[in-house]
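The following paragraphs lead through one protein structure, element by element. Please keep the sequence and the structure in view while reading.

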Amino acid sequence: MAPTSDVRPIILGGDLGAYATARTFHERYGVRSVVLSAVTTWAVRRSVAVDHREIPGMSDPDAVVAAVRAVAAEEPDRRHLVLASADWLVDVVVARRDELEPDVVVPYADAAAMARITDKGRFTALCEGLGLPVPRTVVLRAADGADAVRDLTFPVVVKAASTSAFHEVTFDGKRKVDHADDPAALATVLARIAAAGFPGDLLVQELVPGGDGEMAAVNLFFDADGVWRFAQYGRVLLEEHTPGALGNSVAQVTGVHPDAVDQARRLLEHVGWRGFANVDLKRDPRDGVHRFLEVNPRVGRSGYAVTASGYDVAEMYVRAFVDGAPAEPRVGTAEHLFHVVPLRLVRRYVPAADAALVRRLARAGRATNPLLYRAERDPRRWAEIAAAQANQFRKFARHHPGARPTSR
């Protein structure tokens, strides 16, 4: 830990990703991040790394901007860095950048670059234009119905082009990603979304076969001038399967895959990226090709895999956006297991070869759960963490699809 009095992170959102980011800054610089969220969650409650503020009405962008500005005004002599743990919050700080800078550093790409990457329809077209492999896709509105996808082969997945726009809609049976085995099932999905009044574009994509173990991600970091400074490949071992969190990685191993890293870097360089990004991929077992699925325009909970493997995300942000002294570009090669569920659960749901890998890395001291931070001292927090970890066994017993392919 090398304390720096200059940086004071402001983190938007109270989920596990927000906590993992706060832990990174606390480990590296000894600072407590100010975490702003609409409600207090166990993930950020009673933490040595978090100064939590509950902000009623935080779904309103005006409330978000006002809260960030108020925090920065508390200590005007310090450098404040705002980081968001959800896509819609990234959209807010990017759209309202002029109201935050220069008092608050906004380490994100501009709105035009953000739109090209985060709108999944535009993202798919961008990848195709750059010769990057993607699943076969049709972009439509829910009201268009299943007849609009005659050229696709079933099964298919359905997801909103804009995660932020879909965040605003609530309805029974809402899923982050829907799955349809045939045209009738697709018609049912589209009708449900249309009835909810969602006005935006949807993507219907041919399902890339294979389970969680075919998923992968490339984490990248770009400085304030758009120069890439870090990239690392990670292979997913296990994902969440609850409807609202489908596809979130709960265990992955960092490693080496030059082709995937080079392709992801080329994509983000093309749009003039800034800051952190997580590029989701899925390896097609039919040809071994990694197909591009989407980009998360932020450091999330799985971004802690970078820090855990020895490449500190907090230091990257501070050097590039606060101190103006970015490091030389490098590709992470360290093998490390990142997990947010108990290792016993991971071993239960992965193939035998991956279970052996989990054991080997754990025995070598190369496995990290960001929740298990030794600096935490409050026994009530540890009790909540223990309860949350135990609950993972019930969640997976209820929702894990077993032999079924994942809906990604």
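Helices and strands are here the runs that DSSP assigns, with at least four residues for a helix and at least two for a strand, and they are numbered from the N terminus. The structure itself is a predicted model.

The walk may begin at a sheet. Five strands form an open sheet in the order 3-2-1-4-5, and their pairing is parallel. Its edges are strand 3 (50-54) and strand 5 (104-105), each of which pairs on one side only. Strand 5 is held to strand 4 (residues 79-84) by 2 bridges in the parallel sense. One residue pair to look for there is H80 with V104 in strand 5, its bridge partner.

Some backbone features lie in the loops around these strands. Most residues other than glycine have a negative phi, and most peptide bonds are trans. R46 is not a glycine, yet its phi is positive, at about 60°. This residue belongs to the loop between strand 2 (33-37) and strand 3. R46 has a relative accessibility of 34% and therefore counts as partly exposed, since that class lies between the limits of 20% for buried and 50% for exposed. A cis peptide bond, with omega of about 5°, joins E101 and P102. P102 is found in the loop between helix 4 (97-100) and strand 5.

A second cis peptide bond is the one that joins F154 and P155, again with omega of about 5°. P155 sits in the loop between strand 6 and strand 7. D144 has its place in the loop between strand 6 (137-140) and strand 7 (156-160). A polar atom of the D144 side chain lies 2.9 Å from the backbone nitrogen of R141. Is D144 buried, or is it partly exposed? Its relative accessible area is 45%, so D144 is partly exposed. In sequence D144 and A187 are 43 residues apart, while their C-alpha atoms are 9.5 Å apart in space.

Strand 7 comes next. Of its 5 residues, 5 are buried, so the strand is largely enclosed by the rest of the structure. V156, V158 and A160 point one way, V157 and K159 point the other way, and all of them are buried. Two antiparallel partners can be traced from this strand. Strand 8 (residues 178-180) is joined to strand 7 by 3 bridges and runs antiparallel to it; here V157 has H179 as its bridge partner. Strand 9 (residues 202-206) is joined to strand 7 by 5 bridges, also in the antiparallel sense, and there the bridge partner of A160 is L202.

Attention now turns to helix 11 and its surroundings. How many of the 10 residues of helix 11 are buried? The number is 8, so helix 11 is largely enclosed by the rest of the structure. The buried residues are V313, A314, M316, Y317, V318, A320, F321 and V322. At the N-terminal end of helix 11, D312 acts as a cap, with a side-chain oxygen 3.0 Å from the backbone nitrogen of A314. Just after helix 11, G324 takes a positive phi of about 65°.

Helix 1 also meets this region, by way of T24, which lies in that helix. The relative accessible area of T24 is 4%, so T24 is buried. Apart from neighbours within four places in sequence, T24 is in contact with Y304, T307, D312, V313 and A314.

The last topic is empty space inside the model. Rolling a probe the size of a water molecule over the atoms shows where empty space is left. The count comes to 3 cavities of 30 Å³ or more, and the largest cavity holds about 60 Å³ of space. Its lining is made of 13 residues, and those nearest its centre are A20, T21, T24, V299 and V313. Helix 1 (16-29), helix 10 (304-308) and helix 11 (313-322) each supply at least two residues of this lining. Helix 1 gives the most, with 4 residues. By type, the lining of the largest cavity consists of 8 nonpolar and 5 polar residues, with no charged ones. T24 and V313, noted above as being in contact, are thus met again among the residues nearest the centre of the largest cavity.

Definitions and conventions: Residues numbered from 1 in each chain as written. Predicted model: local features only at pLDDT ≥ 70, side-chain atom pairs only at ≥ 80, totals over all residues. Heavy atoms only, no water. 1 Å grid on protein atoms, 1.4 Å probe; cavity = no way out; pocket = protein on both sides within 12 Å on 5 of 7 lines; lining within 4 Å. Points joined across faces, edges and corners; volume = space filled by probe spheres on them. Nonpolar A, V, L, I, M, F, W, Y, C, P; charged D, E, K, R; others polar. Buried < 20%, exposed > 50% of the residue type's maximum accessible area, 1.4 Å probe, protein only. Polar contact = N/O pair within 3.5 Å; in protein donor to acceptor, adjacent residues only side chain to side chain. Pairing = 2+ DSSP bridges. Contact = heavy atoms within 4.5 Å.
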